[in-house]
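Notebook open, coffee poured. I want to go through this one piece by piece and jot down what I look up.

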Amino acid sequence: MAEPQAIYLHDYQPPAYRLERTELTFDLNEKATRVRARLHLQRHPEAEAQAPLVLWGCELGLERIAIDGQPLLESEYRIEGETLTVERVPERFLLDTEVVIEPAANTALEGLYVSGPIFCTQCEPEGFRRITWYPDRPDVLAPFTTTVIGDRDREPVLLSNGNPVERGELPGNRHFVSWQDPHPKPAYLFALVAGKLDCVRDSFTTASGREVALELWVEEENLHKTEWAMASLKRAMRWDEQSYGREYDLDLFMIVAVNDFNMGAMENKGLNIFNSAAVLANPQTTTDAAFQRIEGIVAHEYFHNWSGNRVTCRDWFQLALKEGFTVFRDQTFSADTNSAPVKRIEDVALLRTLQFAEDAGPTAHPVRPDHFIEISNFYTLTIYEKGAEIVRMLRNLIGAETFRRGSDRYFERFDGQAVRVEDFVDVMAEVSGLDLGLFMRWYSQAGTPQLDCRGEYDEAGQRFTLTVRQHTPPTPGQPDKLPLHIPLRMGLLGDDGTPLTLSVDGETPGTDTVLHLTEAEQQWTFEGIERAPVPSLLRGFSAPVRLDYPWSRDELAHLMRFDEDGFNRWDATQRLALTAIEEMMTAHAAGETMHLDARLIDAFRYLLNQPADDRAVLAEMLRLPSEAWIAEQQSQVDVDAIHAARRAAIEQLADSLYADFERVYHANQSTAGYAPTPEQIAARSLKNIALSYLTASGEPETLAMAKAQFEADDNMTDVRAALTLLAHSDRADLGDPAIRAFGERWSHDALVMDQWFATQVTRPQPDALERVRFLMQHPAFSIKNPNRVRALIGTFTRDNRVNFHRRDGAGYRLLADVVIELNRLNPEIAARMIAPLTRFRRFDEARAALMRGELERIRAEKLSRNLHEVVEKALA
Ligand code: ARG
Ligand code: ZN
């Protein structure tokens, strides 16, 4: 078989044929679904008269192909790989095809497949070609009419995009519904759902007074988990009207929950399809974090209706055009709806652990890649999260109001079109009058920029000089990097904590300013500074960079107390904790006792005794840097030292501050009934972090407190926090019964069982890996279901670093075994799961060799295009 070929951005050619209309008929059957496609095509005025027609298809049983009613002879078309070419076609014609596909055999979950008894689709990015022969590219748009035929008993509900226009009965206990979507759309936004589903209905009146019917379709047993998503949807709809002036544009908006889904959800026009884990919520089964995640994803998919659907991408290299912008929109929505500083902290923590790691590894790619082998591999943290950071920088650069004028103009100018990243940035340049030429490098250059900052205080001259150097390390295919336009928000703090007034040339003096770094090295001087200040840099995380400054620990403690910027107060606490933990790691390596710096204990004591004005942020400040973030600081990762030092730091904080944690635990007990409100979430978060410190003290009564909280069974947030502490303790007599009780109680609920899996496989004890193998045999586990795989294998490899990186290589073997099996079943998930193995260069020689060995073992298989691309990059 030929090696999979890369596709290049610079090879882009506009489509030669446009679609006026697409008419589809599905005759559903698990084993053999018949798809008839009537495509009304027309040559593009600028295309050559001889231009061949090229369609894409994959694993289709072609039964008939005709042009204007004339069946094509086999000599009149050519199928090569995934394309079908017809050399000579009229200028305007009807292409009529019929294919047979097998949804029940579709384990890749792309195209039309079955999830339990439900038929559903996933077409982004290139799933539609598994449904029928089609110009499956995002720059070919058409209004769709879709007729779905199904069995009256097995598929009473038949859904597709747009509005239902006709329904009726057919012989043989069959029936049909026809749907019409008037908005031209690319095939990736097509959706079909059929099966026995129940509906929760609501409605929304748009700002201009139109009534929109809202429908949430779920399997019957999930009806009690729909309220939150519906409420979230309505909040999102209102927010998009208020913040972006965007109204919904059809009379009906539907969401469907399915159990088998590769990603979180999909923004199909008028018919969003969701992974059930990203939509179903209930206080008894769902944690606060999941409630918030669901709210964010419901909003994200809804927001795509404008940023993605009405204005879509010209080609898949532009994926961040819709994803970066839409993630930014959902982040802002969540910040407005909940605790804004905590939302920022969470987003940054995710970005700078996982996205920074991706950007430093073998699969690093620009936010707009210039080539790919398999586009499904590019639904990454870089495209989504770094893409959102770029949009955030843009808005901060030009100001919120100008940005809004820009987005209005963008939506107006490009409505109904498939466009590029440049089109978005150009509009922003236009409305602001700023030159964003240099800024565009953020889209083309991969890797995380490193800022090295130095401060110099000149006492005699009463001035403070800040020198900033930027440098981006090489990434695969991009050895030499150029300077970027980096907005650096900063301030200076006096020694009593007061913010100092900064007079920067040409700006009105204030205590906060944005420095524009555009060269490899720049210097700024602040005059009239009477005593040595403490600089607060990169406030609000104003750019997705790593920043170094030689702060002393006392200076970090000072920032933690006094910085005006909430984000930097958190960040200073993280930096302080990091230096203390790193010191303990050094002691660990030298075989010495690990002592936690008293300054961190003092800092925590201070935090715990502050008036609790922002409990949500306080809880975040009390969380030590994650093992993943500590690892990011090391040139060679020492997983054992990281784990040991972090654990010892937690224990010493617990011992020193036991009474404070105990008080905080009791002071934050909920009195009201559960609600996922920001206030309640903050209190639970603080209470549960306090409890986790308490149990780290080893005092036996603390596990009794956890047991009591577990048994009180008030809500999943508290139950899961308590279960985790019990299950991760050395007290099997407490942990095992709790695990058993939880497993029995929730065996009927797959989404709760995922939490049960995740809790067990993150045990720090050395039996964790054996437990993973054991749980893979559990009846609730199935390798075919992506949620199960993520809960059991994904959680283990990501969050149980000491056990995944066991010296005997058993963790690597386990992951490779799973990846090899997934390669046959679900290539997209296989290519995602393998990520931890691809980072082998970050580890010691022995571990790196073991990891590499597993990659070689995988490489020897007959690999899907997805896995081929990732494995070759890793081993390159
Ligand atoms: N556009 C979807 C979203 O971000 C994700 C689709 C991902 N598809 C895929 N095959 N990875 O909401
Ligand atoms: Zn998206």
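Before I start on the ligand, I need a rule for what counts as near: a residue is near a molecule if its C-beta atom, placed from the backbone, lies within 6 Å of it. I also keep in mind that this is a predicted model.

**Entry: the ligand shell**

I looked up what sits around ligand 1 and found 13 residues. The closest are Glu124, Met263, Met266, Ser376 and Tyr379. Next I asked which elements give two or more residues to this shell. They are strand E20 (265-266) and helix H2 (288-303). I sorted the shell by character as well: 5 nonpolar, 3 polar and 5 charged.

**Entry: Glu124 and the bond after it**

Glu124 is among the closest residues to ligand 1, and I checked its backbone too. A cis peptide bond joins Glu124 to Pro125, with omega at about 0°. I placed Pro125 in the loop between strand E11 (118-122) and strand E12 (142-151).

**Entry: the annotated N-terminal span**

The UniProt record, an unreviewed entry, puts "domain: Aminopeptidase N-like N-terminal" on residues 116-189. I looked up the make-up of residues 116-189 and got 0% helix and 53% strand. The end C-alpha atoms of that span lie 23 Å apart.

**Entry: the E14/E15 hairpin**

Is strand E14 (residues 163-170) buried or in the open? Of its 8 residues, the number buried is 0, so E14 lies largely in the open. Its partner is strand E15 (residues 174-185), which runs antiparallel to E14 and is joined to it by 7 bridges. I noted one facing pair: Glu166 stands opposite Ser178 in E15. E14 and E15 form a hairpin with 3 residues between them. In the turn, Gly172 has a positive phi of about 75°.

**Entry: the nonpolar core**

I went to the largest nonpolar core next, which has 253 residues. Which members touch the most others? I got Val193, Val256, Ile273, Ile294, Leu792 and Met833. Helix H16 (residues 678-696) gives the most to this core, with 10 residues. A general reminder to myself: in soluble globular proteins, nonpolar side chains tend to be buried together.

I then picked Val256 and listed what it touches, not counting residues up to four places away in sequence. The list is Cys120, Leu159, Val193, Leu197, Trp217, Leu271, Ile273 and Phe274. Val193 and Ile273 also appear among the core members that touch the most others.

**Entry: Thr472**

Thr472 lies in the loop between strand E26 (463-471) and strand E27 (486-493). It has 20 C-beta neighbours inside 10 Å, and 20 or more is the cut-off, so Thr472 counts as buried. Leaving aside neighbours within four places in sequence, I found Thr472 in contact with Gln445, Gly447, Pro449, Gln450 and Lys481. Thr472 and Ala446 are 26 residues apart in sequence, yet 8.5 Å apart in space, C-alpha to C-alpha.

**Entry: two positive phi values outside glycine**

Gln462 is not a glycine, but its phi is positive, about 55°. I found Gln462 in the loop between strand E25 (450-458) and E26. With 13 other C-beta atoms within 10 Å, Gln462 is partly exposed.

Phe541 also has a positive phi, near 55°. Phe541 lies in the loop between strand E30 (534-537) and strand E31 (546-548). How many other C-beta atoms lie within 10 Å of Phe541? I got 23, so Phe541 is buried.

Methods:
Residues numbered from 1 in each chain as written. Chains lettered and ligands numbered in written order. Predicted model: local features only at pLDDT ≥ 70, side-chain atom pairs only at ≥ 80, totals over all residues. Helix = DSSP H or I, 4+ residues; strand = E, 2+ residues; numbered from the N terminus. Nonpolar A, V, L, I, M, F, W, Y, C, P; charged D, E, K, R; others polar. Buried ≥ 20, exposed ≤ 12 C-beta atoms within 10 Å, placed from the backbone. Pairing = 2+ DSSP bridges. Core = buried A, V, L, I, M, F, W, Y, C linked by C-beta atoms within 7 Å. Contact = placed C-beta atoms within 7 Å. UniProt positions renumbered as here; feature names shortened; annotations may be inferred.
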